[in-house]
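Me: Could you walk me through this structure, residue by residue where it helps? I'd like the cut-offs along the way.

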Amino acid sequence: MTPQDIDRILQEGIDAVKHGQTEQAIQLLIEVVHADENNEQGWLWLSYVVNDPQDKITALENVLTINPNHRVAQQNLARWQIQLTAEESDSTVAPSPQAVAASPQKTGTASDYAPHSPVESISNIDNIFQCVYCGAPAERDTRKCPECGRKLFLRRILSSRHTSYMLRSAIFVTIIQFALAVIEIVTFASIAYEGRNPIIAYIISTLNLGGFFGDYLSWSQTWTQALLWIAGIRIAVFLTLTVGLAARFTPAYYAAIGFMSFDILWAALRWVYKFLGPFSAIVDVIADIVGLAFVFASDRDFAINDERMLCQPDPRIKGGAELNRRARLYRIEGKWALAVAYWRAAIGQMPNRPEFYKSVAIGYAQIGYYQRALNALAEAHRPRPRG
């Protein structure tokens, strides 16, 4: 995604926020920060539309990571942290002595007080094919999560980063075809309107240019107007194909094959009816054949691959802090199981960060691993040596 695309999507997201289109705004702004994790405005506007206070805090923390002096983010972060702390304090108020006396006494470990949870299978928590959203068990070929119903495959272009030599050649040939079409229409128009001028007719006959332009003296006025319109359309199509192929727009691939095949027949038809000389017709046909060959050979540049989303960290991401940032991003997207995988990797890199344990505890709870959540919370509150 180019910087211009990111700016455009960011502006669309901001407009959606201003018009109260919350869900659309969240989708657009997440797309922005996913493409550019250092997009300050993307994180700031995302903090306005996400509902969970912790998600708001995450977005604002990312703003301050990018720009520590952002005053609005500082003020909003302080406000939401105070509110979240107050809510947590209200939920942990100690019960009155009367309530304690009236309640049945129960002894046991902390896990006894956890909500009812499924069997916490170690093999599943480490299963890279589990649902990246809810953590439900799944297989490699499972296309939709059996629990939450979300899609587990992404559609991606196989070769998304580099344009192949074949595609570059196809674009170059299409540019040549566009230039030839421009030359042809200019020459065609000139001859159509001035070809019967005695001087022009003498020059054309003397230089034997009929081999290029055809027998223009046999053209009727009706056909001349139609051919001029078709020539203009032909120029527009070649220009559109050039832009579409350069942008790797998949329909342009099929349109190029279809139009170049048709253009071969059109060149032959014009040759037969003497609207085009044999030399020009042969040049057009050769250009179309070469263009078709390069377009066919560039099929991998347009091939779409269904890529299975795996519940494992990207091995190219290094460092606990960066793993934590990516986990928080996936949390906002609702991919809790994937976020847990990243937080586990972050803890492996930086085991003395209590906030990582708190985050992974929330993630475990979201996907139903309550015992692991309790263990992570206990680890978060364990005293650690300073330094």
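Me: Where is the place of Ile289?
Reply: Happy to start there. This is a predicted model, in which local features need pLDDT of at least 70 and side-chain atom pairs count only at pLDDT 80 or more, while totals for chains, interfaces and linings use all residues. Residues are numbered from 1 along each chain as its sequence is written, and side-chain values use heavy atoms, with hydrogens and water left out. Helices (H or I, at least four residues) and strands (E, at least two) are DSSP runs numbered from the N terminus, and Ile289 is found in helix H13.

Me: Is Ile289 buried or exposed, or in between?
Reply: Buried means under 20% relative accessible area and exposed over 50%, with partly exposed in between (1.4 Å probe, protein chains only). The relative accessible area of Ile289 is 47%, so this residue is partly exposed.

Me: How far apart in space are Ile289 and Ser261, C-alpha to C-alpha?
Reply: In sequence, Ile289 and Ser261 are 28 residues apart. In space, their C-alpha to C-alpha distance is 8.1 Å.

Me: Which class of pair do the rings of Phe238 and Phe259 form?
Reply: Rings of Phe, Tyr and Trp (its six-membered ring) pair if their centres lie within 6.5 Å; planes under 30 degrees apart count as stacked, over 60 as edge-to-face and the rest as tilted. The structure holds seven aromatic pairs. With centres 5.2 Å apart and planes at 85 degrees, the pair of Phe238 and Phe259 is edge-to-face.

Me: Which helices does the pair of Phe238 and Phe259 link?
Reply: Both Phe238 and Phe259 are buried, and ring pairs link them with Phe262 into a cluster. Phe238 and Phe259 are 21 residues apart, and their pair links helix H11 (residues 221-246) with helix H12 (residues 250-272).

Me: What about Tyr253 and Phe302: which class is their pair?
Reply: Tyr253 is buried at 9% relative accessible area, and Phe302 is buried at 4%. Tyr253 lies in helix H12 and Phe302 in the loop between helix H13 (278-297) and strand E2 (304-308), so the pair ties together parts 49 residues apart in sequence. The ring centres of Tyr253 and Phe302 are 5.2 Å apart and the planes at 35 degrees, so the pair is tilted.

Me: Which element gives the most to the largest nonpolar core?
Reply: A nonpolar core is a set of buried Ala, Val, Leu, Ile, Met, Phe, Trp, Tyr and Cys residues joined through side-chain atoms within 4.5 Å. Of the 34 residues in the largest one, Tyr342, Val360, Tyr364 and Ile367 touch the most other members. H14, H15, H16 and helix H17 (370-380) give two or more residues to this core. With ten residues, the most comes from H15.

Me: And which helix supplies the largest share of the lining of the second largest pocket?
Reply: On a 1 Å grid over the protein atoms alone, a pocket is an open set of points where a 1.4 Å probe fits, with protein on both sides within 12 Å along at least five of seven lines; lining residues have an atom within 4 Å of a point. The second largest pocket is lined by 28 residues, with Gln54, Glu355, Lys358, Ser359 and Ile362 nearest its centre. Helices supplying at least two lining residues each include H4 (53-66), H5 (71-91) and H14 (320-332). The largest share, seven residues, comes from H16.
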